[in-house]
Amino acid sequence: MSDPTERYRSKHVTEILLKKINKEIGQIGNPVRLMHVCGTHEHDLVKAGLRSLIPKEVELIAGPGCPVCVCSAQDIDEVLWVADTHGAIITTFGDMMRVPGSTESLYQAKGRGVDIRVVYSVSDAIKIAEKNPKTDIIFFSVGFETTSSITAAEVIRTSIPNFSIYSSHKLIPPAMELLMQRDDIEFHGFLAPGHVSTIIGSKPYDFVPEKYNFPVAVAGFEPVDILLGIYSLLKQIRENKPKVDNVYKRYVKEEGNLAAIRALDDAFVISDARWRGLGVWPKTGHEISKKYAHIDAKKKYTIPDLPLTDLHKGCLCDEILIGKTKPSECKLFMKSCRPDHPIGACMVSHEGTCNVAATYEEIDL
Amino acid sequence: MCLAIPAKVCEILKNNRIIVDITGVRREADISLLEETLEIEDYVLVHTGFVISKLDKKQAKEDLKLWDELLQA
């Protein structure tokens, strides 16, 4: 069997799905707003031009699905404090480098001599720790369940005295619940993130239709995957039969990846977490569990309270992160805040809503 | 960030490691987070050096059947 990915880019299937989507929205008769909570969805759907292909009555809003965008400046400030006071080497993903801290980004700190190294994986950070036994190495670990499960695997099996992990991990399903409870954003269904779901499965979303009467479609990332998700959500809305529809079954099981879930449950405990500009959201974070305190940077170092600036003046990242405001509605967008000079976190990562809009969408300059 | 890349299994190594082909590039991946057994030519999703999911071939074929129904409906 050949790689099936190509089939999910079929022009023929895409065209037929678009017709079906048009028919559904015609029958619904009202505009529909669907939220995704995945930076990769935002990137891939914009790159494929799907917003311009679907009917204008169907609005796709980007929720807080880009993990480096939702990472609070507090986390960046704290890892930099450890580097400055303990001479530690910071290792992290490339996406984190230019995300603004309260006073500086990791990239700016690197410019003044802090040793910060970009790694592809937590495993690479561990190799750096093994090669530098006399220096403290911190892995600044950011991401949702997909990435947390990888970190969890290493938390469980790694014990190197000079290595610790600063967890900035966050959870998707409880964040979805908080988004549904807000009365300042109106939307009618969730396109659930495909790769988070490979880990947690489709079951953790059951509360969404059951408790909130809200439709969910678990979708992959090729154009056909995303359109199948949109079609499913519209059909559920038209029939008023909300459920969790998994249209990414080739990689997502109902029960998820059991080995990864066990690793997550063992390595982490659920905690409150600060989301950029949005304050502390209860029970949406993952901290390293007591059992593995020896690898927890937050336990290893006594980090003091540091003055926090999560949003710089004029930055609307907080509203953009929850789909309340579009990038073009921010006064800084493509003026002082640009991909080559980001002021807000959403302009940094190639999955950030503002960066995606700046890179792929038509901009009225 | 939750980007995961489809890859083909090329070689099964020792210690929970395999070699995968990602669009023509061969690299090692860790399979300690996968319960299913892998065979050469299986497709998997790789995220930051770890295999997080194996392609369900039966389901992928099933998808094609569902499309046919959808396309004819």
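Just after helix α2 of chain A comes Gly49(A), with a positive phi near 70°. The model is a predicted one, and in it this helix, residues 39-47, is mostly covered, with 7 of its 9 residues buried. The buried set in α2(A) takes in Gly39(A), Thr40(A), His41(A), Glu42(A) and His43(A), and then Leu45(A) and Val46(A).

Strand β1 of chain A, residues 32-36, is also well tucked away: 4 of its 5 residues are buried, so the strand is largely enclosed by the rest of the structure. β1(A) has parallel partners in β2(A) and in β8(A). With β2(A), residues 58-62, the pairing runs over 5 bridges, and Leu34(A) sits opposite Leu60(A) there. With β8(A), residues 189-193, there are 3 bridges, and here Leu34(A) has Gly189(A) as its bridge partner. Leu34(A) thus turns up in both pairings, facing Leu60(A) in β2(A) and Gly189(A) in β8(A).

Next come the strands of an open sheet in chain A. Four strands make it up, in the order β4-β3-β5-β6, and the pairing is parallel. The edges are taken by β4(A), residues 116-118, and β6(A), residues 163-167, each of which pairs on one side only. On average, neighbouring strands in this sheet are turned by 25° against each other, ignoring direction. Inside the sheet, β3(A), residues 89-92, and β5(A), residues 137-141, run parallel and share 4 bridges. One of the residue pairs here is Ile89(A) with Ile137(A), the latter being its bridge partner in β5(A).

Antiparallel pairing shows up further along chain A. β11(A), residues 268-275, and β12(A), residues 279-288, run antiparallel and are joined by 7 bridges. Ser271(A) stands across from Gly285(A) of β12(A). The two strands form a hairpin with 3 residues between them, and Gly277(A) in that turn has a positive phi of about 75°. A positive phi thus appears at Gly277(A) in the hairpin turn as well as at Gly49(A) after α2(A).

Chain B, for its part, has 5 strands and 1 helix, and the order from the N terminus is β-β-β-β-β-α, with the helix at the end. Its radius of gyration comes out at 14 Å, well over the 11 Å that the globule rule gives for 73 residues, so chain B is more spread out than a compact globule. The C-alpha trace spans about 50 × 25 × 20 Å along the principal axes. Of the 73 residues in chain B, 45% are buried. Looking at its internal contacts between residues at least 6 apart in sequence, 32% link residues at least 24 apart. Chain B exposes about 4000 Å², and carbon and sulfur atoms account for 49% of that area.

Finally, there is the contact between the two chains. Chain A puts in 49 residues and chain B 35. About 3600 Å² is buried between them, with 65% of this area coming from carbon and sulfur atoms. On the chain B side, Met1(B), Leu33(B) and Trp67(B) together supply 22% of the area that this chain buries against chain A, more than any other three residues.

Notes: Residues are numbered from 1 along each chain as its sequence is written. Chains are lettered from A and ligands numbered from 1 in the order in which they are written. This is a predicted model: local features need pLDDT of at least 70, side-chain atom pairs count only at pLDDT 80 or more; totals for chains, interfaces and linings use all residues. Side-chain values use heavy atoms; hydrogens and water are left out. Two strands pair if DSSP finds at least two bridges between them. Axes are lines fitted to C-alpha atoms, for helices over the stretch in contact, and angles run from 0 to 180 degrees between N-to-C directions. The radius of gyration is taken over C-alpha atoms; the globule rule is 2.2 Å times the number of residues to the power 0.38. Buried means under 20% relative accessible area, exposed over 50%, partly exposed in between (1.4 Å probe, protein chains only). Contact means heavy atoms within 4.5 Å. Accessible areas come from the Shrake-Rupley method with a 1.4 Å probe; for residues, only the protein chains shown count as cover. Buried area is the accessible area (1.4 Å probe) that two parts lose on being put together, summed over both.
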